[in-house]
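This report describes a single protein chain from its backbone geometry to its sheet, cores and aromatic contacts. Please keep the sequence and the structure in view while reading.

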Amino acid sequence: MKIAIYPGSFDPITKGHLDILKTGAGIFDKVIIAVARNSEKKGFLPVDERVKLIRESVTHLDNVEVDSFEGLTIEYAKKRGAQVLIRGLRAVSDFEYELQLSQANSALCEDIKTVFLTTKPKYNFISSSTIKEIYLNNGDISKFVPQPVYDYLVKRKVC
Ligand code: ADP
């Protein structure tokens, strides 16, 4: 059974992330989308809310599990019996960082391979930080995030 981990901040999950996840779910037997708990980095949304929103956004994907983890991604991947890490690439600017990360992970455990996926062009420019910026400036984010995220953020603003 080929298990892949899709790790990230997902703060919040976007349609770009979802597109990568869907592609991954079509390639691997199981994909675990895992939110990194980073105590140093104060996020926009609490990790537990991010996990809940991802769960609500992936109900159509049978072989996807949602989880969170602390510490090194590669240790988490080993613990979950994964052979693959999925990362997404948007532009050349992502490449250098992602290449370094994948090489570091491969130096830590050469049996776990990083696979890079890309999205449909219409989702390519979407990032969680762009969405936060648009949302905080009262712009319309409905095209960029799954419905549960949209509903959650609209409700949060009203409260
Ligand atoms: P991180 O903080 O680990 O970069 P993110 O949640 O920002 O976490 O992103 C997780 C992964 O998804 C990264 O590999 C990132 O490049 C990728 N990604 C995010 N948005 C997109 C997108 N629109 N198209 C392709 N890949 C994306």
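## Backbone, sheet, cores and rings

With a relative accessibility of 62%, Asn138 counts as exposed, where exposed means over 50% relative accessible area, buried under 20% and partly exposed in between, computed with a 1.4 Å probe on protein chains only. The model is predicted, and local features therefore need pLDDT of at least 70, side-chain atom pairs count only at pLDDT 80 or more, and totals for chains, interfaces and linings use all residues. Residues are numbered from 1 along each chain as its sequence is written, and side-chain values use heavy atoms, with hydrogens and water left out.

Asn138 belongs to the loop between α5 and α6 (147-158); helices (H or I, at least four residues) and strands (E, at least two) are DSSP runs numbered from the N terminus. Most residues other than glycine have a negative phi, and most peptide bonds are trans. Against that background, three places in the backbone deserve attention, and they are collected in the table.

| Place | Backbone feature | Value |
|---|---|---|
| Phe10 | positive phi, residue other than glycine | near 45° |
| Asn138 | positive phi, residue other than glycine | near 65° |
| Asp11 to Pro12 | cis peptide bond | omega near 5° |

Phe10 is found in the loop between β1 and α1, and with 3% relative accessibility Phe10 counts as buried. Pro12 has its place in the loop between β1 (3-8) and α1 (15-27), and at 1% relative accessibility Pro12 is buried as well. When residues up to four places away in sequence are not counted, Pro12 touches His17, Phe44, Leu45, Ser128 and Val149, contact being defined as heavy atoms within 4.5 Å. The C-alpha atoms of Pro12 and Glu49 are separated by 9.0 Å, although these residues are 37 residues apart along the chain.

The sheet comes next. Strands of a sheet pair through backbone hydrogen bonds, either parallel or antiparallel. Here 5 strands form an open sheet in the order β3-β2-β1-β4-β5, with parallel pairing; two strands pair if DSSP finds at least two bridges between them. β3 and β5 (113-117) are the edge strands, each pairing on one side only, and neighbouring strands of the sheet are turned by 30° against each other on average, direction ignored. α2 packs on this sheet, touching β2 and β3, and its direction makes about 160° with that of β2; such axes are lines fitted to C-alpha atoms, for helices over the stretch in contact, and the angles run from 0 to 180 degrees between N-to-C directions.

β4 pairs with β5 in the parallel sense over 5 bridges, and β1 pairs with β4, also in the parallel sense, over 2 bridges. Ala4 stands opposite Val84 in β4, and Val84 in turn stands opposite Lys113 in β5, while Ile86 has Val115 as its bridge partner in β5. Of the 5 residues of β4, 4 are buried, so the strand is largely enclosed by the rest of the structure.

Which residues touch the most other members of the largest nonpolar core? They are Leu21, Val31, Ile33 and Ile86, in a core of 35 residues, where a nonpolar core is a set of buried Ala, Val, Leu, Ile, Met, Phe, Trp, Tyr and Cys residues joined through side-chain atoms within 4.5 Å. At least two residues of this core are supplied by each of β1, α1, β2, α2, β3 (64-70), β4 (84-88), α5 and α6. Leaving aside its neighbours within four places in sequence, Val31 is in contact with residues including Ala4, Tyr6, Leu21, Val64 and Ile86. A second, separate core of 12 residues includes Ile5, Phe69, Tyr76 and Leu85.

A search of the whole structure finds 4 aromatic pairs, where rings of Phe, Tyr and Trp (its six-membered ring) pair if their centres lie within 6.5 Å, planes under 30 degrees apart counting as stacked, over 60 as edge-to-face and the rest as tilted. One of them joins Phe44 and Tyr135 edge-to-face, at 6.0 Å centre to centre and 70° between the planes. Phe44 lies in the loop between β2 (30-37) and α2 (47-57) and Tyr135 in helix α5 (residues 128-136), so this pair ties together parts that are 91 residues apart in sequence. Both Phe44 and Tyr135 are buried. The rings of Phe69 and Tyr76, by contrast, have centres 4.8 Å apart and planes at 20°, so that pair is stacked; Phe69 and Tyr76 are both buried. Finally, the charged end of Arg156 sits over the ring of Phe44, 5.0 Å from its centre, a term that requires NZ of Lys or CZ of Arg within 6 Å of the ring centre and within 35 degrees of the ring normal.
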